[in-house]
Amino acid sequence: MIDQLRRRARELLTTGEAACIIGYANASVPGKAAPIVITRAEDADRLVFHAACCNNLAVYLTRPEIRKLGTVAMVAKPADVRAAFVLMQENQVRPDDVKFIAVDVTPAGECTLLAQRTREELLDYLVKNVPPAELADDALKDVAALEEQTDGERWAYWQQQFSRCIRCYACRQVCPLCYCSRCVADKNRPQWIETSAHGRGNLAWNITRAFHLAGRCVGCGECERACPAGIPLMKLNRKLAKDVRDSFGVHAAGYAFSGEQLFAGYSPSDPNDFFE
Amino acid sequence: MTSNIYKPSLMTVTAVTAESADVKTLRLEFCDARERDTFSFRAGQFGEFSFFGEGECTLCIASPPTRRGYIECTVRKSGRVTAALTNAEPGDVIGFRGPYGSAFPVDAWQARDVLFIAGGIGLAPVRCAIWNILDLRDRYESVTIIYGARTVGDLIYRRELEQWAERSDVRLVITVDPGGETPDWRGCVGLVPSLLKELSPAGGNAAAVACGPPIMIKFTLFALHELGFTPEQVYTTLENRMKCGLGKCGRCNIGSLYVCKDGPVFTAAQLAAMHDEY
Amino acid sequence: MAEFEPRIAAFVCTWCTYAGADLAGTSRLQYASNVRVIKLPCTGRIDFHFIIKAFERGADAVLVSGCHPGDCHYTAGNYHARRRWTIFRKLLEFTGIESDRVTFAWVSAAEGAKWANLVNEVTEKARKLGPFTRYKRLNEIAEGEAER
Amino acid sequence: MAIKISKDNLAALVDSLRRSGMRVVAPVSRTAFTEFAEIVALDEADFSQVNTRSSIKQFLFPATEPILSYSLEQSNVKLECEEPPEPRKTVIIGSRPCDTASLPILDKLFSWDCEDRFYLNRRAATVVISIACTDCDDCCFCTAIGLGPDSKQGSDLLLVPGESGCYNAEPCTERGAELVKQHEKLFTQSAAPASVCKAVLEKLPKPLNLDRIANWLRGHFYDDFWQAASLKCVGCGCCTFLCPTCHCFDITDEHGRYRDGRRAGLRRKNWDSCQFAQFTLHASGHNPRPDRASRWRQRMMHKFLYYPERFGSRLCTGCGRCVRSCPVQMDIRDQLKAIESMQADDEQHL
């Protein structure tokens with residue numbers, strides 16, 4: 001599989017179809033993988049793909065340093081493809097500027113290079129083969145467990161979690177969909193979110209981060225993985241994904257590369273029961 | 001005596017002068033009489049000015065040390081704190097920490113020609129040195145001021161420019177960028193560095209101060225070099241972003257120099273030895 | 001001990017609810033004085049940060065109100081807002097903020113009486129809940145000079 | 001004559017310190033992560049982990065702290081809390097030598113020219129009892145940076161795990177000696193000198209030539225290396241916030257509650273990171289460090305060139321947190337090795 005992947009990468013670079021490949025290489029820490037950006041065909045042999053390749057590489061699609069390099073081909077897991085699709089849907093990435101070297105892991109744990117290359121083929125693949133991980137019954141169990149608690153218990157739970165936040169913004173920086181060139185958390189006129197890592201500032205930040213991803217999160221789990229304080233951020237993301245599905249009956253984000261984004265639109269038949 | 005190095009002194013705004021659409025000069029007096037009497041600083045030094053509730057910002061002291069009892073700062077509305085400061089009114093109380101940083105060696109310039117070159121709001125730190133020298137005028141040889149701004153509306157210290165223009169012991173040249181002139185504009189039109197080359201002041205034993213936007217500084221320093229000024233004769237002041245002003249917070253450094261401690265006043269010779277991080 | 005008087009921030013649109021509140025006033029309807037009204041062009045303008053900031057600054061409850069669906073002065077601002085609040089209120093609940101602390105309503109310019117009743121209801125709800133000690137505790141911690 | 005302390009006596013030491021009114025802080029594993037926290041008894045502590053998630057710097061230089069409080073009523077300003085708070089007397093037990101080594105490094109910054117009493121008062125009120133390492137992980141590299149699993153820098157008392165659950169104890173400062181003296185009965189004479197943790201030394205990397213690295217850095221401010229080295233960086237502040245030596249901060253004002261009709265406000269000192277784009281952004285929009293490469297260069301230069309030039313020590317203790325926690329596996333060790341070998345090449349060509 002890895003030979004095929006490298007061959008495809010080499011081909012994209014030598015034909016000039018892509019100016020750079022964003023993929024994975026083995027990290028210096030044994031057993032771990034790291035993102036790598038290569039621009040020369042001979043470096044294609046450094047690419048790998050295995051179970052430790054967890055980063056969502058779509059995060060690089062909007063980085064100015066990467067954009068400067070030209071057309072990007074990305075090694076893309078289903079979550080990465082979904083994130084890239086949302087970026088296309090939100091007009092952050094021009095569809096023709098991204099080529100996919102799509103990969104997936106079979107239920108048996110086998111890494112495969114997908115034959116699908118175009119957006120349409122990949123969308124079809126996603127719809128048929130990849131249910132949204134963030135909405136899996138198992139994944140929603142801990143959300144349901146928390147929902148069943150009292151508000152006091154939930155408050156205590158999240159306060160304990162958020163109290164560890166040090167405001168390093170790793171959650172934001174690794175998220176492919178947190179692409180704002182200046183985040184609301186970095187603005188101070190007015191200062192909606194206090195920058196201090198105290199309970200009040202941390203609550204405001206974490207609510208903001210989660211809500212800004214409502215209807216957009218592709219469930220890759222990078223925020224939670226990156227969090228050095230171990231805050232279960234995906235629990236918030238999954239809760240929102242579930243509410244979006246239940247309230248609006250829409251499919252999860254990243255299963256379309258065009259069309260209207262959930263919160264860019266509305267329907268006269270949206271829920272109205274909570275209004276006095 | 002406080003052991004809190006971040007504690008500001010309280011100062012009352014006693015006068016506010018509108019310099020241009022978004023620039024204001026605040027005159028400030030210490031609320032505490034003892035501080036008012038003992039406070040001293042040198043031309044070119046800066047302070048951390050705070051509007052309580054909004055935060056602190058770094059500004060040079062724009063009034064000269066020769067005028068006691070008050071200080072002035074000139075602020076352009078550009079962020080949260082500067083917006084609050086430009087909205088301040090006489091009677092408001094603001095915070096001040098300082099003076100911090102290095103100064104122009106005005107004493108070492110005695111018996112020498114002094115050339116001031118400023119662009120836009122860069123006249124603020126230069127104004128401090130200009131008045132310092134004009135207040136002790138007989139100790140210095142010729143004084144030349146070249147001042148440029150993008151448009152006529154961006155010129156600051158208008159009344160002082162008039163005062164300087166009227167003085168026989170000051171040579172003042174004002175210019176605005178092409179396109180920035182008004183129909184009644186009688187000054188020069190053109191960029192500061194090219195005007196400087198036209199005037200071609202003699203290097204000799206002169207001291208030159210250049211202050212303005214980075215791009216102007218770059219070409220001005222080049223022009224001064226062509227005119228025969230050695231880098232040791234030329235001074236400028238940098239304004240890297242700062243928070244503490246005390247060499248702690250770690251954001252104003254250029255290499256191992258802290259602009260807040262080793263600067264903000266540097267010679268062109270020092271500048272040439274620095275990396276391009278200002 | 002005096003009865004707890006909740007402080008309530010109301011974010012209302014200028015075209016319907018504000019006019020409705022005005023009508024309540026000109027009709028000399030008596031209602032609870034616990035609400036501080038903040039007028040905005042449209043419910044679509046009401047950012048969720050407003051709600052958080054209100055709690056940060058000591059509100060015990062928040063009321064958000066605007067034109068009835070279909071009546072928006074800007075055609076669809078309230079529809080957009082409704083879609084956002086549908087999800088946002090659940091997020092607040094999930095983080096442990098009692099759902100009764102935030103009330104959403106549609107009050108038209110003709111519904112002065114509805115506004116008066118609404119304010120009374122919201123005030124009663126907040127009074128029952130008591131001071132928002134959870135959030136106020138965050139303020140105490142943030143402002144406490146004690147060692148962390 | 002060497003001394004040692006048994007595990008039981010260490011527990012007694014904790015009790016005694018707490019009785020004397022001190023806060024005792026140690027690594028605890030209350031959640032999935034081991035973190036420093038206050039303990040009431042030694043059995044809460046977990047010394048078995050290689051290291052804690054975050055470093056001990058938070059106890060001396062907290063992530064956020066008020067530096068001034070004031071109240072406002074229109075133009076009338078009243079300064080309220082003006083002085084650094086009286087710190088709680090604290091004993092940190094079980095800091096790893098790499099963490100402890102950061103304290104003398106931070107001391108230099110916070111005491112040079114003028115004294116930051118917020119840090120220094122806490123520092124003066126804190127006694128650090130380090131425990132030498134008997135294990136390391138894939139990310140540890142203290143030995144590469146000139147330290148080791150039983151380095152004494154910054155420790156008041158160093159405990160080296162010895163036989164039968166005892167710790168060989170070595171006072172490193174007067175404060176440490178004083179602490180031992182006050183609790184003489186808990187320490188016993190030991191024939192065996194504090195043993196170096198041999199097994200762990202074999203697993204740790206070889207020393208880097210840090211002078212060579214500094215020399216390369218001095219000459220390569222403008223170099224393509226920085227672009228290549230930082231291309232995958234996503235620009236979070238993880239590495240800086242977890243680093244025991246990173247110390248950059250922001251000063252910001254926050255609204256407080258209304259008290260007696262006056263609006264209260266607080267000025268705070270918050271951790272900040274050179275990796276954030278806003279860190280050096282001028283109000284005019286100009287940014288002296290406009291891209292990832294220049295921000296990453298600043299981090300490396302500050303650690304291995306600027307700070308040593310200015311203060312005589314490096315801003316790195318090899319704790320490995322930046323490697324362990326980087327979401328994109330940036331490895332400072334690889335970069336240092338690459339720099340070292342580039343300089344070696346340069347030197348050969350001279």
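A crossing of two helices counts as right-handed if the near helix is turned clockwise from the far one by less than a right angle. Keep that in mind as we start with a helix pair that spans two chains of this predicted model. Helix α8 of chain A, residues 199-212, passes helix α3 of chain C, residues 77-94, and the two axes come within 11 Å. The crossing of α8(A) with α3(C) is right-handed.

What about the angle? The axes of α8(A) and α3(C) cross at roughly 140°. Angles over 145 degrees would count as roughly antiparallel, so this pair is classed as oblique. On the chain A side, the contact uses Ile207(A), Ala210(A) and Phe211(A). Facing them from α3(C) are Arg84(C), Ile87(C), Phe88(C), Leu91(C) and Leu92(C). Sorted by class, that gives seven nonpolar residues, no polar ones and one charged.

Now stay on α3(C) and look at its partner within chain C. Helix α2(C), residues 48-56, has an axis that comes within 11 Å of the α3(C) axis, and the two cross at roughly 30°. Angles under 35 degrees count as roughly parallel, which is why α2(C) gets that label relative to α3(C). Here too the crossing is right-handed. From α2(C), the residues in contact are Phe48(C), Ile51(C) and Ile52(C), while α3(C) brings Trp85(C), Phe88(C) and Leu92(C). You may recognise Phe88(C) and Leu92(C) from the contact with α8(A). This contact has six nonpolar residues, with no polar and no charged ones.

Back to α8(A), which also packs against a helix of its own chain. α6(A), residues 151-162, meets α8(A) at an angle of about 100°, with the axes 9 Å apart. That makes the two roughly perpendicular to each other. Trp155(A), Gln159(A) and Phe162(A) of α6(A) touch Gly199(A), Asn202(A), Leu203(A) and Asn206(A) of α8(A). The class split here is three nonpolar, four polar and no charged residues.

The stretch of chain A that leads from α6 to α8 has a couple of backbone oddities. Most residues other than glycine have a negative phi, and most peptide bonds are trans. Arg167(A), however, is not a glycine and has a positive phi of about 65°. You'll find Arg167(A) in the loop between α6 and α7 of chain A. Then comes a cis peptide bond between Arg189(A) and Pro190(A), with omega about -5°. Pro190(A) is in the loop between α7 (170-173) and α8 of chain A. Chain B has a cis bond to a proline as well: Gly263(B) and Pro264(B) are joined with omega at about 10°. In this case Pro264(B) lies in the loop between α7 (259-262) and β15 (265-267) of chain B.

Finally, let's see what is left empty. Rolling a probe the size of a water molecule over the atoms shows where empty space remains. The count comes to eleven cavities of 30 Å³ or more, and the largest has a volume of about 140 Å³. Which residues are closest to its centre? Of the 16 that line this largest cavity, they are Cys233(D), Cys239(D), Trp296(D), Cys326(D) and Met330(D). Two elements of chain D, α9 (238-242) and α10 (292-311), each give two or more residues to the lining. Taken by class, the lining has twelve nonpolar residues, two polar and two charged.

Notes
Residues are numbered from 1 along each chain as its sequence is written. Chains are lettered from A and ligands numbered from 1 in the order in which they are written. This is a predicted model: local features need pLDDT of at least 70, side-chain atom pairs count only at pLDDT 80 or more; totals for chains, interfaces and linings use all residues. Side-chain values use heavy atoms; hydrogens and water are left out. On a 1 Å grid over the protein atoms alone, a cavity is a set of points where a 1.4 Å probe fits but cannot get out, and a pocket is an open set with protein on both sides within 12 Å along at least five of seven lines; lining residues have an atom within 4 Å of a point. Grid points are joined across faces, edges and corners, and a volume is the space filled by probe spheres set on the points. Helices (H or I, at least four residues) and strands (E, at least two) are DSSP runs, numbered from the N terminus. Ala, Val, Leu, Ile, Met, Phe, Trp, Tyr, Cys and Pro count as nonpolar, Asp, Glu, Lys and Arg as charged, and the others, Gly among them, as polar. Axes are lines fitted to C-alpha atoms, for helices over the stretch in contact, and angles run from 0 to 180 degrees between N-to-C directions. Angles under 35 degrees count as roughly parallel, over 145 as roughly antiparallel, 65 to 115 as roughly perpendicular and the rest as oblique. Contact means heavy atoms within 4.5 Å.
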